[in-house]
Each structure stands twice: as structure tokens, then as C-alpha cells.
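Please open the model in a viewer and set the display to a cartoon, with side chains available on request. The tour below proceeds by selection, and each stop states what is to be found there.

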Amino acid sequence: MLEEKVLTFKDFGLSNEVLRAVASMGFEVPTPIQEKTIPVLLAGRDIIGQAQTGTGKTAAFGIPIVERIDKSLRGVQAIILAPTRELAVQAAEEMNKIGRPKGLHALPVYGGTSILRQINALKKGVHIVVGTPGRVLDHIERKTLDLKGVKVVVLDEADEMLDMGFVDDITRILKETPAQRQTMLFSATMPEGILRIAKRYMTSPEKIRIAGDTLTAPKIDQVFYEVREERKLDALSRLIDSNDEGRFLVFCHTKRDVDDVASNLKLRGYEADAMHGDFTQAQRESVLKKFRDSRVDVLVATDVAARGLDISDISHVVNYAIPQNPESYVHRVGRTGRAGRGGVAVTFVTPREERQLRLIKTVSKADIKRGKLPTGEEVLTARISNLKNRIQEFIDDKRFDKFLKVASEMTADIPPMEALAALLKFQLEGLSSGPAEEIPQADSGAAYGMARLFMTVGREQGIRAADIVDAISKKAGIPKDSVKGINIFDTFTFVDVPANAAEKVIEFMHQSIISGRKVAVSTARPRGSSGGSEKYGRKPFRAR
Ligand code: AMP
């Protein structure tokens with residue numbers, strides 16, 4: 001199905017540890033910036049990369065860094081400078097993931113928070129430091145950070161750091177590192193100041209640019225919503241709710257995200273399914289068939305999985321994760337609006353991805369307008385209008401004889417308007433605790449002193465009670481016999497843990513991997529608590 005030869009991470013000749021990390025992060029193929037930079041960096045050369053957040057640049061420098069670090073040496077071997085605390089934390093998280101199988105540790109250091117905790121962490125020994133320039137310099141001056149053993153320096157979002165007035169701090173930090181280091185500079189733009197730093201502190205750097213200036217996005221409605229990462233699922237739910245008849249193709253970067261989003265949508269009652277590179281041909285066919293037959297109307301996929309997909313009636317393409325390059329944007333949105341039908345392309349943009357959006361807009365010449373997510377009220381209005389149309393279809397069809405008797409009995413006791421209003425409420429807002437098969441009443445209470453938790457993994461994923469006990473006990477450090485009341489359902493599980501350990505268990509287990517799957521963990525809702533479509537409430541009328 002894939003015509004062109006796709007480069008894989010194996011083609012770079014990476015170590016098994018890094019290949020394992022990449023696989024567990026759910027990356028299928030390298031992004032364009034990774035394709036270009038990883039071989040150059042592995043060869044030990046300096047690099048100037050023109051790329052912004054959202055392109056996969058952290059792994060582009062992170063993978064070669066992890067390969068270069070010698071675990072047996074003590075002391076910091078790589079330092080990454082980033083303009084903001086948020087970016088430092090995110091890059092450190094990504095570095096920790098890439099370095100985990102090799103046993104490496106990355107620490108974020110930034111201002112505005114306790115320096116003592118950072119000092120203690122540094123004392124324990126870390127291989128990689130990701131920091132904002134001011135705080136890094138602070139540590140150097142306190143002699144709590146020694147850069148003499150540094151092999152690699154990264155200046156991430158260099159233009160931003162310059163704009164923020166960090167140029168002197170950066171040059172002072174660079175002088176603390178050995179001259180024979182490898183230096184990597186990433187910047188969305190290349191102003192004079194950047195080129196000066198490059199000239200002075202880098203050795204014949206290779207310049208890498210992800211270009212592409214002859215693209216045109218198809219003429220369909222294109223909007224973007226500014227959404228924080230943690231609100232994306234709610235935003236997607238809203239979109240689906242307000243387009244009851246819609247058929248959605250949702251794109252995520254990684255296989256894990258695809259699994260995650262699809263299973264969370266299912267939990268919320270949507271007819272959703274996933275598709276990614278781990279699927280066999282038979283599984284792909286089966287998902288596609290469900291989508292074609294309208295048994296599934298939200299398909300969540302990675303770029304790779306969606307390549308070559310032959311489905312024509314997609315009303316909405318949703319970039320749940322912003323495309324890593326303009327080409328990918330154009331390919332993705334081209335999946336809708338086919339065969340002369342209208343289509344909508346929606347892109348979720350987190351605040352730090354605005355530059356990537358700008359690049360996509362410029363290169364693809366796409367007219368992507370800022371949109372406002374529908375409010376709860378607007379969603380309801382749209383659903384009522386849809387419901388009215390559907391009811392009219394049923395009225396025209398007149399095949400409801402078997403319900404006439406009960407309708408007449410009910411309207412004898414209840415005024416017709418109230419009966420109808422109650423039915424509408426039932427239909428549009430659902431039962432207070434969601435659908436019976438999803439939140440079984442018998443299993444929603446915890447024993448005294450225990451807290452009941454809810455996890456998004458179940459029988460369909462082959463999970464066993466012993467796996468859950470092991471994972472919780474190991475990750476949260478609580479005894480195995482304190483984990484009780486396990487109830488495994490098709491796609492989710494309930495489990496009781498001691499109430500005073502519940503927070504800790506959620507902290508360690510949420511987003512962790514159990515039996516190869518990322519799970520979401522939260523406190524189970526108490527019996528009879530009010531539900532709504534934002535949580536497990538089902539949208540009964542979508543069932544076709
Ligand atoms: P960054 O540009 O480093 O902020 O990365 C943007 C997002 O893309 C992050 O969530 C990464 O984990 C993800 N990512 C990086 N490389 C890949 C890849 N090869 N395949 C899929 N996702 C990736």
C-alpha cells in the first residue's frame with residue numbers, strides 16, 4: 001500500500017536501547033527533521049536546524065545525545081538550553097523517555113522554584129540537564145553544576161532565547177563547556193544574532209532546513225482551535241457532539257496517543273476505533289469495514305496508518321496533534337472534501353505550537369482561520385435540531401405501532417409535554433450514571449478505608465488481575481495484598497486501593513504502561529453521581 005520507501009529508525013543504525021525507547025514512545029517513522037538531522041548528529045557534526053516545536057525536533061537531537069552518553073561516567077554529559085520553564089520540562093520528559101531503556105536520567109532546571117531541590121537532584125548525578133539559561137548559570141556559579149564533562153550542548157529555540165535577552169548567559173555557559181563539544185542549534189528563524197553565535201561557537205555546522213514551498217492545501221473550511229493539551233479530549237467530544245452526522249478522521253502523532261484517544265472516546269460513548277502501524281492487514285480491513293458501514297464514525301489514526309486509506313466520505317479531519325510538517329498537513333486535510341463534497345479540517349493548537357501553525361499556513365498557503373469551540377449550549381442546540389429531524393423521519397416512517405399502547409398509557413398519567421421533555425432529556429443527556437454496560441452499579445462502591453479507582457484497560461486488551469496487582473504494587477510501592485476488589489470489564493477495570501495511598505497510585509499509574517498499553521487512571525465516580533456527555537455519558541442517538 002505504501003509506494004515510496006519509508007525510512008525507519010532502524011535505518012539509522014541505532015542501539016537496541018534507543019530503538020526500544022522509540023518503539024515504546026509509539027513513534028513509527030522518523031519525522032522529516034529527524035530524517036535529516038539524526039545521521040549528521042550521529043556522525044558527530046555540529047548542526048543548525050531550522051525547525052520549531054511540533055516537528056519532532058526534541059527527539060531529533062535527543063536520540064543522538066542518548067547514543068553519545070556513556071552511562072558509566074559520572075557527571076553531566078549533555079546540556080540543553082531552552083527559553084522557558086515549560087519547554088525545559090517538556091524536553092526533559094522526552095529525554096527521559098528516550099534515555100530510559102539505557103538507564104539515563106535528565107533533569108529540568110528552571111527559575112521560579114526551589115533551587116535546593118534541584119541541587120539535591122544534581123548531587124545524585126544526572127546525565128542530561130535541560131535548563132533555562134538564567135538558572136543554569138546560577139547553578140554554575142554555586143558550583144552545583146559542573147559542565148567540564150559535557151560532550152553535547154543544545155541551544156533549543158535559540159531565537160526565542162535571544163529575544164528574551166539571554167545572549168550573554170548563553171555565551172557564558174558555552175565557555176564553561178569543553179571546546180571539543182558537539183553543538184546543536186535549533187531555531188525557527190535565523191536572525192543575525194543567531195548566525196553570530198553559530199560562527200563564534202560552532203565548528204563548520206551543517207545547516208538543515210525543512211523546506212517545502214510548492215504546496216497548496218485543498219479548498220475546504222480550515223479552522224484551528226487553541227486548546228491546551230489536557231482539554232483536547234473535551235474539545236474533540238464537543239466537535240463530535242455538535243456534528244451528530246459527522247464522520248471524523250482524527251490524527252495523532254504516536255500509536256500510544258491513537259490508542260489513548262480512541263479508547264477514551266469509546267469510554268465516553270462514541271463509536272470510535274483506532275488504526276496504526278501495529279495493526280495487521282486483517283485488523284486494518286476490519287476497522288475500515290466498520291468505518292465504511294458506519295458502525296464506527298470516528299477513526300483515530302497515525303499519519304502512516306492513514307496513508308493509502310481509501311475512504312471517501314470523511315466530513316471532518318481533526319489534527320488532534322498538529323502536523324509535524326506542512327506536507328503532512330496538506331496530506332491530512334486532503335482526506336476530506338473529496339468527490340466534490342464539503343469538508344472541514346480542524347487543527348488543535350496548544351499555545352506553544354503557534355509558530356508551527358504559522359509555518360504550516362505560510363508554506364501550504366492555507367487559509368486556516370481561528371475558530372471558537374462550540375459551547376455546551378450550542379452543542380445542545382445542534383443536537384436538538386438533529387434529533388428533531390431524525391424524529392420526523394420516524395414519524396414519516398410510521399412504524400411505531402408497538403409503542404402506541406405504552407405512549408397512550410403514559411400520556412394518560414403524564415401530560416404529553418412533560419413526557420416528551422423527559423424523553424428528550426433522557427435521550428440527550430443520558431442516564432445519570434451512564435450506560436448500564438459501562439458503569440455497572442454493583443461495582444462502583446469501595447470497601448471501608450479503601451478508594452475505588454478506574455483504569456482504561458480491560459479484558460479486550462488481555463489484562464489479568466495479576467498484571468494489575470503487580471503494576472500497582474511495583475509502581476506505587478504498596479504491598480500486593482493491599483490491592484483488592486479487582487473487576488475487569490471489556491475495556492476498563494475497577495480496583496480498590498487503601499484510601500490513603502490512592503493519590504500516590506494515581507500519580508504513578510496514570511499514563512503508565514500496563515501490558516504494553518498506556519492507561520488513564522482516575523478515582524471511580526461514586527454511585528449515582530450525575531454524569532454528562534463530558535464523562536461516560538453515551539450519545540444514544542449516534543447508534544445507527
Ligand atoms: P517536538 O517538536 O519535539 O515538540 O515534538 C512534537 C511531538 O511529536 C512530541 O509529542 C513528540 O513526542 C512527537 N514525536 C516526535 N518524533 C516523532 C515521530 N517520529 N513519530 C511520532 N511522533 C513523534
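For the angles quoted on this tour, axes are lines fitted to C-alpha atoms, for helices over the stretch in contact, and angles run from 0 to 180 degrees between N-to-C directions. The model is a predicted one.

**The whole chain**

Begin with everything selected. The protein chain holds 20 helices and 20 strands. It has 544 residues, of which 51% count as buried. Among the chain's contacts with a separation of 6 or more, 76% are between residues 24 or more positions apart.

**The seven-stranded sheet**

Select strands 8 to 14. They form an open sheet of seven strands in the order 10-11-9-12-13-8-14, with parallel pairing. Which strands stand at the edges? Strand 10 (272-275) and strand 14 (369-370) do; each has a single partner strand, so one side of each lacks a neighbour in the sheet.

Next, restrict the view to strand 10 and strand 11 (residues 298-301). These two run parallel and are joined by four bridges. Within strand 11, Val300 stands opposite Ala274.

**Helices on this sheet**

Add helix 10 (residues 232-242) to the selection. Helix 10 lies across strand 8, strand 9 (248-251), strand 11, strand 12 (316-319) and strand 13, and runs at about 160 degrees to strand 13. Then add helix 14 (residues 326-333), which packs on the sheet and touches strand 8, strand 9, strand 12 and strand 13. The direction of helix 14 makes about 155 degrees with that of strand 12.

**Aromatic pairs**

Now show the aromatic side chains. A search of the whole structure finds 10 aromatic pairs. One of them is formed by Phe9 and Phe27, which are tilted, with 6.3 Å centre to centre and 35 degrees between the planes. What does this pair tie together? Phe9 lies in the segment before helix 1 (16-24) and Phe27 in the loop between helix 1 and helix 2 (32-42), so the pair connects parts that are 18 residues apart in sequence. Phe9 and Phe27 are both buried.

Move to Tyr225 and Phe348. This aromatic pair is also tilted, at 6.4 Å centre to centre with 55 degrees between the planes. The pair links distant parts of the chain, since Tyr225 belongs to strand 8 (residues 221-226) and Phe348 to strand 13 (residues 344-349), 123 residues apart. Both Tyr225 and Phe348 are buried.

Two further selections involve rings. Phe454, Phe489, Phe492 and Phe494 are linked into a cluster by ring pairs. At Phe291, the charged end of Arg247 sits over the ring, 4.2 Å from its centre.

**Strand 2 and its partners**

Select strand 2 (residues 78-81). Are its faces covered or open? Both are covered: Ala78 and Ile80 on one side, and Ile79 and Leu81 on the other, are all buried.

Bring in strand 4 (128-131). Strand 2 and strand 4 run parallel and are joined by four bridges; Ile79 stands opposite Val129 of strand 4. Strand 5 (residues 152-155) likewise runs parallel to strand 2, with four bridges between them. Here the bridge partner of Ile80 is Val154 in strand 5.

**The two sides of helix 5**

Select helix 5 (residues 115-124) and show its side chains. Which of its residues are buried? They are Ile115, Gln118, Ile119 and Leu122. Viewed down the axis of helix 5, these buried residues fall within an arc of 100 degrees, so they line one face of the helix. An α-helix has 3.6 residues a turn, so residues three or four places apart point the same way. The cover over the buried residues of helix 5 includes strand 3 (106-109), strand 4 and helix 6 (133-141). Turn the helix to its other side, where Leu116, Arg117 and Lys124 are exposed.

**Two residues with positive phi**

Finish with two loop residues. Lys143 is in the loop between helix 6 and strand 5. Its phi is near 60 degrees, a positive value in a residue other than glycine. With 74% relative accessibility, Lys143 counts as exposed, the cut-off being over 50%.

Ser294 is in the loop between helix 12 (281-292) and strand 11. Its phi is near 65 degrees, again positive in a residue other than glycine. Ser294 has 24% relative accessibility and counts as partly exposed.

Key
Residues numbered from 1 in each chain as written. Predicted model: local features only at pLDDT ≥ 70, side-chain atom pairs only at ≥ 80, totals over all residues. Heavy atoms only, no water. Phe/Tyr/Trp six-rings, centres within 6.5 Å; stacked < 30°, edge-to-face > 60°. Buried < 20%, exposed > 50% of the residue type's maximum accessible area, 1.4 Å probe, protein only. Lys NZ or Arg CZ within 6 Å of the ring centre and 35° of its normal. Pairing = 2+ DSSP bridges. Contact = heavy atoms within 4.5 Å. Arc of directions from axis to C-beta.
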